[in-house]
Amino acid sequence: MDLDVFVSAHRAEWDRLEALLRRQRRLTGAEADELVTLYQRTATHLSLIQSSAPDPQLTGRLSQLVARARSAVTGTRRASWRDAARFLVHGFPAAVYKSRHWWVPTALLSTAVAALLGWWIGTHPEVQASIAAPSELRELTRPGGQYETYYSSHPAASFAAQVWTNNAWATALCLILGVFLGLPVLWILFQNMLNLGIGVGLMSSAGRLDTFLGLVLPHGLLELTAVFVAAGTGLRLGWTLIDPGPRTRRTALAEEGRAAIGMAIGLALVLFVSGAIEGFVTPSGLPTWARITIGVAAEVAFLAYVYVLGGRASRAGESGDVEAVERSATVPTAA
């Protein structure tokens with residue numbers, strides 16, 4: 001392509017687009033249509049120059065012109081309560097629903113690992129001895145020991161806030177570190193399952209597994225589900241780098257990354273609920289069956305939220321990504 005000839009042929013269109021963008025008054029209907037047409041043509045011109053005859057100065061000018069024109073065409077918008085409601089009713093549950101093929105197997109496999117670790121620790125005294133001294137183990141597992149007093153060792157409100165902060169940080173790490181091929185996510189997940197397995201193993205060896213489960217299940221069902229969702233999403237993000245599918249790797253990572261950020265916000269709300277249960281319900285004087293019923297109800301409500309609202313939104317085309325007008329502009333690619 002002869003760049004000088006190309007510039008001479010289209011300079012007038014670029015100058016006209018720049019003149020329309022500088023207008024202080026509102027554009028007429030005809031001028032607005034002209035602005036859209038010139039924006040589309042200039043974006044195509046930019047793509048042709050970038051692919052055939054890249055010129056830094058001209059590319060910079062046209063890139064700036066296309067960006068200004070896009071802003072003028074799409075307009076600016078502010079986040080509103082309607083956006084928040086749309087995210088909670090459609091975006092977040094759809095994102096969780098779409099990633100179910102990752103987090104459901106993650107949940108099943110992780111639970112099996114925790115149970116296996118619990119059995120191994122509970123049936124092997126030498127393993128227990130490597131964890132702590134016998135006197136320390138008795139202090140952990142005895143009636144009124146540390147496993148029981150842990151949930152009532154601080155005021156309920158501050159304890160719930162602390163639990164929520166720690167869990168939200170763990171889930172955020174799972175989502176963020178997924179970009180490193182998911183390897184850090186596996187380590188974080190294993191650490192969580194190891195801690196759970198140690199509790200199961202030590203309390204079962206002391207004949208008090210029912211007490212332990214009565215303390216863990218009320219908040220643990222929802223809390224662990226949030227962790228599994230975060231881990232599954234992080235693993236999915238890591239796999240996107242390996243196999244982006246029909247999308248370019250950059251586009252796939254951007255789409256999945258934006259959805260992951262939304263998931264982090266949604267899961268923080270889920271963990272707020274589980275933290276409140278852990279702070280106020282778990283250490284309460286309610287019967288064990290009542291506390292577990294509350295935990296099961298919260299878990300069922302979340303799964304219904306994901307599979308009913310999320311499934312419906314997903315089938316309607318929702319993916320959890322931001323709306324099209326909020327995404328980066330994609331310049332047409334020359335054939």
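**Entry 1: Glu31 and its partner**

I started with Glu31, which counts as buried because its relative accessibility is 11%, under the 20% cut-off. I note here that I am reading a predicted model. Glu31 makes a salt bridge with Arg23. Their closest N and O atoms are 2.6 Å apart. Arg23 is partly exposed, at 29% relative accessibility. I reminded myself that side chains of opposite charge can pair when their charged atoms come close.

**Entry 2: helix α2**

Next I looked at helix α2, the home of Glu31. Helix α2 covers residues 29–52, which makes 24 residues. From first C-alpha to last, α2 reaches 35 Å. That is close to the 34 Å expected at 1.5 Å a residue.

Which residues of α2 are buried? I listed Glu31, Leu35, Leu38, Tyr39, Thr42, Ala43, His45, Leu46, Ser47 and Ile49. I kept one rule in mind while reading the list. An α-helix has 3.6 residues a turn, so residues three or four places apart point the same way. Then I checked what covers the buried residues of α2, and the cover includes α1 (3–22) and α3 (56–74).

**Entry 3: more salt bridges**

How many salt bridges does a search of the whole structure find? The search gives nine. I looked up Arg16 and Glu34, whose side chains meet in a salt bridge at 2.9 Å, N to O. This pair links distant parts of the chain. Arg16 sits in helix α1 and Glu34 in helix α2, 18 residues apart. Arg16 is partly exposed, with a relative accessible area of 29%. Glu34 is also partly exposed, at 28%.

I then turned to Arg142, which forms a salt bridge with Glu139. The closest N and O atoms there are 3.1 Å apart. Arg142 counts as partly exposed at 37%, and Glu139 is partly exposed at 30%. I also found a network: Asp15, Glu18, Arg22 and Arg61 are joined by salt bridges that share partners.

**Entry 4: the nonpolar cores**

I moved on to the largest nonpolar core, which has 34 residues. Phe92, Val96, Met263, Leu267 and Phe302 have the most contacts inside this core. Seven helices caught my eye: α4 (81–98), α5 (100–122), α9 (156–176), α10, α11, α12 (249–281) and α13 (288–315) each supply at least two of its residues. Which helix gives the largest share? Helix α11 does, with nine residues.

I picked Met263 and set aside its neighbours within four places in sequence. Met263 is then in contact with Phe92, Ala95, Val96, Ser99, Leu175, Val229 and Thr233. Apart from this core lies another, of 17 residues. Trp14, Leu46, Leu58 and Ala69 are among them. I had already met Leu46 as a buried residue of α2.

**Entry 5: a loop residue**

Is Thr282 buried or exposed? I found Thr282 in the loop between α12 and α13. Thr282 is buried, because its relative accessible area is 2%, under the 20% limit. Leaving aside neighbours within four places in sequence, Thr282 is in contact with Tyr151, Leu215, Pro218, His219, Ile277 and Arg291.

**Entry 6: a nonpolar patch outside**

Last, I went to the surface. Leu181, Leu183, Leu186, Trp239 and Ile242 form a nonpolar patch there. Together they have about 510 Å² of accessible area. Helices α10 (183–205) and α11 (209–242) are the elements that give two or more residues to the patch. Leu183 lies in α10. Leu183 is exposed because its relative accessible area is 58%, over the 50% cut-off.

Technical notes: Residues are numbered from 1 along each chain as its sequence is written. This is a predicted model: local features need pLDDT of at least 70, side-chain atom pairs count only at pLDDT 80 or more; totals for chains, interfaces and linings use all residues. Side-chain values use heavy atoms; hydrogens and water are left out. Patches are made of residues with over 30% relative accessible area and no salt bridge: like charges are joined within 9 Å, nonpolar side chains (Val, Leu, Ile, Met, Phe, Trp, Tyr) within 5 Å. Accessible areas come from the Shrake-Rupley method with a 1.4 Å probe; for residues, only the protein chains shown count as cover. A salt bridge is a side-chain nitrogen of Lys or Arg within 4 Å of a carboxyl oxygen of Asp or Glu. Helices (H or I, at least four residues) and strands (E, at least two) are DSSP runs, numbered from the N terminus. Buried means under 20% relative accessible area, exposed over 50%, partly exposed in between (1.4 Å probe, protein chains only). The expected span of a helix is 1.5 Å times one less than its number of residues. Contact means heavy atoms within 4.5 Å. A nonpolar core is a set of buried Ala, Val, Leu, Ile, Met, Phe, Trp, Tyr and Cys residues joined through side-chain atoms within 4.5 Å.
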